Amino acid sequence: MGRLGELEPVPRKSTVEIVSDELRSAIMYGSLEPGAQLGEAELAARLGISRGPLREAMQRLVQEGLLVSEPHRGLFVRTLDEGDVEDVYLARLAIEREACRLIMERNRGEAVARLTEALEALVDAAEQRDRVAMSDADQAFHEVLVSSSGSPRLERMAHTLLVETRMCLNALQDTYPEPSELVEEHRRLVDAIGDGEEERLLTLIEEHMTDSIDRLRAT
């Protein structure tokens, strides 16, 4: 690392990394829908690249569990069934429950400040009744929650669930709570941290995750 103020080369992403990011984003936001088949020729043309980097990027996503390789058929975007979604939310619960516990042990004031800002973004999206913006703000709130724990490892664990979490949110959009209810659920989490009520906080985060599972089962 150079001296402060000294210009240094900007890290460059390889073509494979850029294409991987593009595919993850397309899967995350539903441009590549669950069950969709990925055609090499079409995707290479759309992305303006050769097939080599595309194949390597797609193999990365196979390893991450976002794409499924079916013999003699090709690659498909993974479809999350009820069991997959439940598993994602149970994994998130394990991560976020521990994040909540660490927040209560450490700097609650900083966590409340950061989460209040994230909550404001959710309020704005809810006022517009924009489901996509609400999903974005919902996911951002929980990323801030984990980040506020001060644990890089919990953050890394949460990051591995990022795309699958968004796929779950897309699946749940039709059963999303009313915007005001969604805001209130998140506001109660912030209030519990601010009030120093750890037991209430842990109960609320568990209810928040299990309610999502119940809503999906009801579809």
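Tutor: Two strands are said to pair if DSSP finds at least two bridges between them. The model before us is predicted, and strand 2 (residues 67-70) pairs with strand 3 in the antiparallel sense over four bridges.

Student: Which residue is the bridge partner of Glu-70 in strand 3?

Tutor: The partner of Glu-70 is Gly-74. Further along, Val-68 stands opposite Phe-76 of strand 3.

Student: With which strand does strand 1 pair, and over how many bridges?

Tutor: Strand 1 (residues 37-38) pairs with strand 3 (residues 74-77), again in the antiparallel sense, over two bridges. Here Gln-37 is the residue opposite Phe-76.

Student: What is the order of the strands in the sheet?

Tutor: The three strands form an open sheet in the order 1-3-2, with antiparallel pairing. Strand 1 and strand 2 are its edge strands, since each pairs on one side only.

Student: How many residues lie between the strands in the hairpin of strand 2 and strand 3?

Tutor: Three residues lie between them, and His-72 in this hairpin takes a positive phi near 65 degrees.

Student: How should one read the helix, and which residues of helix 1 are buried?

Tutor: An α-helix has 3.6 residues a turn, so residues three or four places apart point the same way. In helix 1, the buried residues are Val-16, Val-19, Ser-20, Leu-23, Arg-24, Ala-26, Ile-27 and Met-28. Helix 1 (residues 15-28) has 14 residues and reaches 20 Å from first C-alpha to last, close to the 20 Å expected at 1.5 Å a residue.

Student: What phi does Gly-30 take, just after helix 1?

Tutor: Gly-30 takes a positive phi of about 85 degrees.

Key. Residues numbered from 1 in each chain as written. Predicted model: local features only at pLDDT ≥ 70, side-chain atom pairs only at ≥ 80, totals over all residues. Heavy atoms only, no water. Expected span 1.5 Å × (residues − 1). Buried < 20%, exposed > 50% of the residue type's maximum accessible area, 1.4 Å probe, protein only.
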